[in-house]
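Me: I have a model open and want the reasoning behind its labels. Take me through it, please.

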Amino acid sequence: MGTALVIGAGGVGRVVVHKMAQNREVFEKIVLASRTVSKCEQIASEIDGEIFTDSINADEVSKVVSAIEKWKPDIVVNVALPYQDLAIMDACIKTEVHYLDTANYEHPDIAKFEYKEQWARDEKFKEAGILGVLGSGFDPGVTNIFVAHAQKHLFDEIHEIDILDCNDGDHGYHFATNFNPEINIREITANGRYWKEGVWYEIPALSEKIDWNYPEVGVRDSYLIYHEEMESLVKNIPNLKQIRFFMTFSEKYLTHLRVLENIGMTSIEPIEIGNEKIAPIQFLQKVLPDPATLGERTKGKTNIGTYIKGIKDGVKKTYYIYNVSEHEEAYRDTKANGVSFTTGVPAMIGAKLVLEKEWKGEGVFNMEEFDPDPFMTELNLRGLPWKVLRIE
Ligand code: NDP
């Protein structure tokens with residue numbers, strides 16, 4: 001039915017391409033392009049059937065335009081880094097091709113997650129007659145879809161949302177991040193933020209903790225952090241009174257992180273080393289294990305879900321909608337760890353729904369703005385089954 005150009009051959013890119021190749025009736029032609037073409041070739045070699053590969057510097061709009069003109073995709077799936085979002089979106093506008101990503105734009109020099117600049121392209125997407133799907137990973141992504149499902153089927157009004165993200169996998173290293181270290185550490189070391197009654201509250205990084213009992217995993221320390229899907233959910237869910245996001249970290253992980261922070265290794269301010277200027281966090285990334293290699297050694301589960309309170313027919317209700325994934329199963333299926341898997345599968349599903357025209361529109365949309373039903377069906381079919389737990 002169509003051609004997909006996937007940009008970024010990291011952990012998530014590997015899963016997207018593996019899963020697209022399992023759905024050839026939709027993805028007739030798959031092109032994987034990244035800065036380092038050998039990484040694309042490695043992924044292509046793991047898959048039966050043809051995967052085209054290319055090198056690309058997606059920081060430059062003109063290079064992305066050239067790649068689009070060369071491969072003529074029906075959709076561009078951006079699973080490079082958040083720094084490339086705007087350049088890839090602008091190339092899609094110029095060539096009138098649909099766009100999908102899994103993370104909101106970030107400027108390399110300012111650790112700030114926000115949709116502002118991507119939403120500002122809404123008019124241009126409309127003029128070009130194309131669809132932009134923002135944040136089709138797990139969180140953001142499936143978490144937004146869980147909320148949309150709850151809004152459509154379980155509640156008349158949603159009042160409170162807690163998004164809960166537990167990675168209980170163990171890779172055996174003293175310290176490693178589950179996805180791109182630079183992006184991951186920037187996210188965690190930023191101040192925590194949550195929204196209540198129309199106001200954003202900021203707290204020092206990792207200063208608020210709850211014990212949460214994750215079904216099929218157990219009780220884990222969960223820390224309040226800022227996460228980008230809250231920005232769009234606040235805008236798109238009427239009657240909402242509060243939204244927070246919690247992520248689990250082990251004491252061992254946090255001890256390593258604190259030491260790295262205390263000695264300045266997580267800073268994004270470049271320092272001079274000889275004739276070079278380099279941000280300490282970029283150096284750190286080079287010495288940490290590459291997340292794309294964690295899959296083979298990671299054991300255990302992830303549990304990510306949305307704990308939602310609200311009312312239905314005048315009665316108070318609370319539900320936890322969640323998915324449990326196994327790292328070992330993710331590796332068997334796609335040679336990737338569970339975090340890349342839970343991100344890459346929804347990216348493939350979003351692209352599939354666009355190519356099948358199940359999801360249509362012109363402009364730039366967050367996930368909760370689409371009909372959740374076909375997406376929820378696909379999650380069960382493609383390896384991310386979900387459950388709904390009635391709490392009260
Ligand atoms: P990786 O670091 O493993 O992979 C990123 C890939 O992008 C690398 O292959 C890299 O290049 C490539 N790349 C970087 N810069 C450029 C550039 N200028 N031009 C072309 N290619 C480039 O990251 P992940 O796979 O872990 O994450 C991918 C994306 O997924 C990130 O944006 C991340 O924030 C997002 N994510 C979203 C989640 C969600 O649930 N929504 C969860 C986890 C991640 P090279 O070929 O040189 O290696």
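Me: What is Ala148 in contact with, leaving aside its neighbours within four places in sequence?
Reply: Ala148 is in contact with Glu368 and Pro372. Two residues are in contact if their C-beta atoms, placed from the backbone, lie within 7 Å. This is a predicted model: local features need pLDDT of at least 70, side-chain atom pairs count only at pLDDT 80 or more, and totals for chains, interfaces and linings use all residues. Residues are numbered from 1 along each chain as its sequence is written.

Me: Why does Ala148 count as buried or exposed?
Reply: Count the C-beta atoms, placed from the backbone, within 10 Å: 20 or more others make a residue buried, 12 or fewer exposed, and anything in between partly exposed. Ala148 has 23 such neighbours, so Ala148 counts as buried. Ala148 lies in helix α7. Its C-alpha atom is separated by 19 Å from that of Trp119, 29 residues apart along the chain.

Me: What makes a stretch a helix or a strand?
Reply: Both are DSSP runs, numbered from the N terminus: helices are H or I with at least four residues, strands are E with at least two. The protein has 14 helices and 18 strands.

Me: Why is the protein called as compact as a globular protein of its length?
Reply: The radius of gyration is taken over C-alpha atoms, and the globule rule is 2.2 Å times the number of residues to the power 0.38. For 392 residues the rule gives 21 Å; the protein has 20 Å, close to that, so the label fits. The C-alpha trace spans about 55 × 50 × 40 Å along its principal axes. Of the 392 residues, 50% count as buried. Among contacts with a separation of 6 or more, 71% come from residues 24 or more positions apart.

Me: How do you know how α7 and α9 are oriented to each other?
Reply: Axes are lines fitted to C-alpha atoms, for helices over the stretch in contact, and angles run from 0 to 180 degrees between N-to-C directions. Under 35 degrees counts as roughly parallel, over 145 as roughly antiparallel, 65 to 115 as roughly perpendicular, and the rest as oblique. The axes of α7 (residues 142-154) and α9 (residues 229-236) come within 10 Å and cross at roughly 20°. Therefore α7 and α9 are roughly parallel to each other. Thr143, Asn144 and Val147 of α7 make the contact with Glu229, Ser232 and Leu233 of α9.

Me: Which classes of residue make up that contact of α7 with α9?
Reply: Ala, Val, Leu, Ile, Met, Phe, Trp, Tyr, Cys and Pro count as nonpolar, Asp, Glu, Lys and Arg as charged, and the others, Gly among them, as polar. The contact of α7 with α9 has two nonpolar, three polar and one charged residues.

Me: Why are α13 and α14 called oblique to each other?
Reply: The axes of α13 and α14 (residues 372-381) come within 10 Å and cross at roughly 130°. That angle makes the pair oblique. Ile349, Lys352 and Leu353 of α13 meet Pro374, Phe375, Glu378 and Leu379 of α14. By class, the contact of α13 with α14 has five nonpolar, no polar and two charged residues.

Me: What makes α1 largely enclosed by the rest of the structure?
Reply: Helix α1 covers residues 11-21, and eleven of its eleven residues are buried, so the rest of the structure largely encloses it. Among the buried residues of α1 are Arg14, His18 and Lys19. Its cover includes β1 (2-7), β2 (27-34), α2 (37-45), β4 (75-78), α12 (327-334) and α13 (338-355).

Me: What is special about the backbone at Glu197 and Pro140?
Reply: Most residues other than glycine have a negative phi, and most peptide bonds are trans. Glu197 is not a glycine, yet has a positive phi of about 45°. Glu197 sits in the loop between β8 (192-196) and β9 (199-203). With 7 C-beta neighbours inside 10 Å, Glu197 counts as exposed. A cis peptide bond joins Asp139 and Pro140, with omega about 10°. Pro140 is in the loop between β6 (131-134) and α7.
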